[in-house]
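Have your viewer open and your selection tool ready? Let's take a walk through this model together, one selection at a time.

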Amino acid sequence: MIPSPDEPLALLGGLSAEAFLREYWQRKPLLVRQAVPGFESPLSPEELAGLACEEAVISRVVQERGGEGAWAVRHGPFEEEDFLALPETHWTLLVSDVEKHLPELRAWLEPFRFVPDWRMDDLMVSYAAPAGSVGPHVDQYDVFLLQAQGRRRWQIDTGPVDEDNFLPDLELCIIRDFTPGQEWVLEPGDMLYLPPRIAHHGIAEGPCMTWSVGFRAPAWRDLMAAWLDARYESLPPESRYGDAGIPVQDNPGEITGEALDRLIVGLREAMNGGDREMAHWLGCQLTEPKAELLERLMPPEPCSAHEARHVLARASTLERHGAARLAWIRAEEGVHFFANGRQHTLAPGAEPLVRMLCGDMSYETESLRRLTHGEKGAETLLLDLCRAGVLLPVPG
């Protein structure tokens, strides 16, 4: 259950979600001793390595080989022999989107949902051999670093990082000259929150595992590029510049001020498309799953409308697919619901249904059916979500 905004949380060192977001989020680091008291990782290093051997899993091994710039990165999937060939020290295995592959771990992300779901990226789990590290670096996203096993020393520098202070010709963005201002050793259950662009360096003191709960922030340049692509596809080819009624120019080589005004206005209108269109596009864009996870979102077998109705009629409980991304926008004309990059527009009365779908991870089917009663398009929405594999029956 999502806590109330003013409830003190052990996860945040006794701060409420409201106080944390006001004082720390995207502002400054926070160290919390025993954020999860007595935490024991439900995932073993061997299970993590097994996950990294699967084809659909995003994984990598970072190895430090000594000397400036002597870093190597290998991407999965791996074989068992790859791990047997690694040295005893100075390497780290990182596996992304673990909660999407192991749905039983999704519950561990629930306490972090005081930040909107559309901002959450994934649970990344790392295993480090003694002295294992990925080097001093900065991230472009907010992250909560929860120590799961063993001990890790974290060093941070809150000062700005010069763009030329990175080791050249590396796949990793490792800081060349790193002078930490603070450092702590984290033990199981301890957690460190870091805002974006805070330089940090984690070094394993013996074998250890760390859970990283990351929150993505879309880059303006990426959003702009995607938006312009969408606008390009939506504009008919016959939509062009027009200048009916122009006067004769005294010099045909001049682009006049009047022509520039028409060009600039037309280009802005072509790029803009209006706030409503942009809002709907953003809902789709922000719920679009990672390309690497699209295969996992497909139902095991194609599901017909008849089969989806059978699921809704017979299953007592449904659950959200672990890789599904849901969001909604309230508007004057109704409710816009987004699932994995697709938009569904419903009447205002469907808001309770949409709230339940986005707020919960599992659902009593009877409750969903009750909320669809009398709401145009609501039953069709549930059928579409079942057919798309977003809603799945819970075996019982």
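The tour below goes from open space to enclosed space, then to the packed cores, one helix and a few backbone details. Keep in mind throughout that this is a predicted model.

**Stop 1: the largest pocket**

Start by selecting R60, D121, D139, Q140 and Y141, which are the closest to the centre of the largest pocket among the 47 residues that line it. The space here comes to about 1,400 Å³. Now colour the elements that give two or more residues to this lining: strands 4 (91-95), 5 (120-128), 6 (142-149), 7 (152-157), 10 (199-204) and 11 (208-215), together with helix 5 (220-234) and helix 7 (275-286). Which element provides the largest share of the lining? That is strand 11, with 5 residues. If you colour the lining by class, you will get 20 nonpolar, 13 polar and 14 charged residues.

**Stop 2: the cavities**

Next, look for enclosed space: there are 2 cavities of 30 Å³ or more. For the largest, at about 320 Å³, select M120, R320, G322, A324 and M361, the residues nearest its centre out of 22 in the lining. Helix 4 (98-101), strand 5 and strand 13 (326-331) each contribute at least two lining residues, and strand 5 gives the most, with 3. The class count for this lining is 9 nonpolar, 3 polar and 10 charged.

The second largest cavity has a volume of about 50 Å³. Select K100, D121, R216, P289, K290, L293, A323 and R325 to show its lining. How many of these residues are charged? The split is 5 charged, 3 nonpolar and no polar. You have met D121 before, as one of the residues closest to the centre of the largest pocket.

**Stop 3: the nonpolar cores**

Hide the cavities and select F20, L93 and F144. Within the largest nonpolar core, which has 46 residues, these three touch the most other members. Elements giving two or more residues to this core include helix 1 (17-23), helix 2 (45-52), strand 1 (30-32) and strand 9 (191-194). Strands 4, 5, 6 and 11 are also among them.

Zoom in on F144. Setting aside neighbours within four places in sequence, F144 is in contact with L12, F20, W25, F112, F114, M191, L192, Y193, W211, S212, V213 and F215. Then move to a second, separate core of 27 residues; A308, A315, V335 and L382 are among its members.

**Stop 4: helix 10**

Select residues 351-359, which form helix 10, and pick out the buried ones: E351, L353, V354, L357 and C358. Look down the axis: these residues cover an arc of only 155°, so they sit on the same side of helix 10. An α-helix has 3.6 residues a turn, so residues three or four places apart point the same way.

**Stop 5: backbone details**

Most residues other than glycine have a negative phi, and most peptide bonds are trans. With that in mind, go to G76 and P77, which are joined by a cis peptide bond with omega about 5°. P77 is in the loop between strand 3 (71-75) and helix 3 (80-84).

Two more selections finish the tour. Q26, in the loop between helix 1 and strand 1, has a positive phi of about 60° without being a glycine. Is Q26 buried or partly exposed? Q26 is partly exposed, at 42% relative accessible area. R197, also not a glycine, has a positive phi of about 65°. You will find R197 in the loop between strand 9 and strand 10, partly exposed with a relative accessible area of 29%.

Technical notes: Residues are numbered from 1 along each chain as its sequence is written. This is a predicted model: local features need pLDDT of at least 70, side-chain atom pairs count only at pLDDT 80 or more; totals for chains, interfaces and linings use all residues. Side-chain values use heavy atoms; hydrogens and water are left out. On a 1 Å grid over the protein atoms alone, a cavity is a set of points where a 1.4 Å probe fits but cannot get out, and a pocket is an open set with protein on both sides within 12 Å along at least five of seven lines; lining residues have an atom within 4 Å of a point. Grid points are joined across faces, edges and corners, and a volume is the space filled by probe spheres set on the points. Helices (H or I, at least four residues) and strands (E, at least two) are DSSP runs, numbered from the N terminus. Ala, Val, Leu, Ile, Met, Phe, Trp, Tyr, Cys and Pro count as nonpolar, Asp, Glu, Lys and Arg as charged, and the others, Gly among them, as polar. Buried means under 20% relative accessible area, exposed over 50%, partly exposed in between (1.4 Å probe, protein chains only). The arc is that of the directions from the helix axis to the C-beta atoms. A nonpolar core is a set of buried Ala, Val, Leu, Ile, Met, Phe, Trp, Tyr and Cys residues joined through side-chain atoms within 4.5 Å. Contact means heavy atoms within 4.5 Å.
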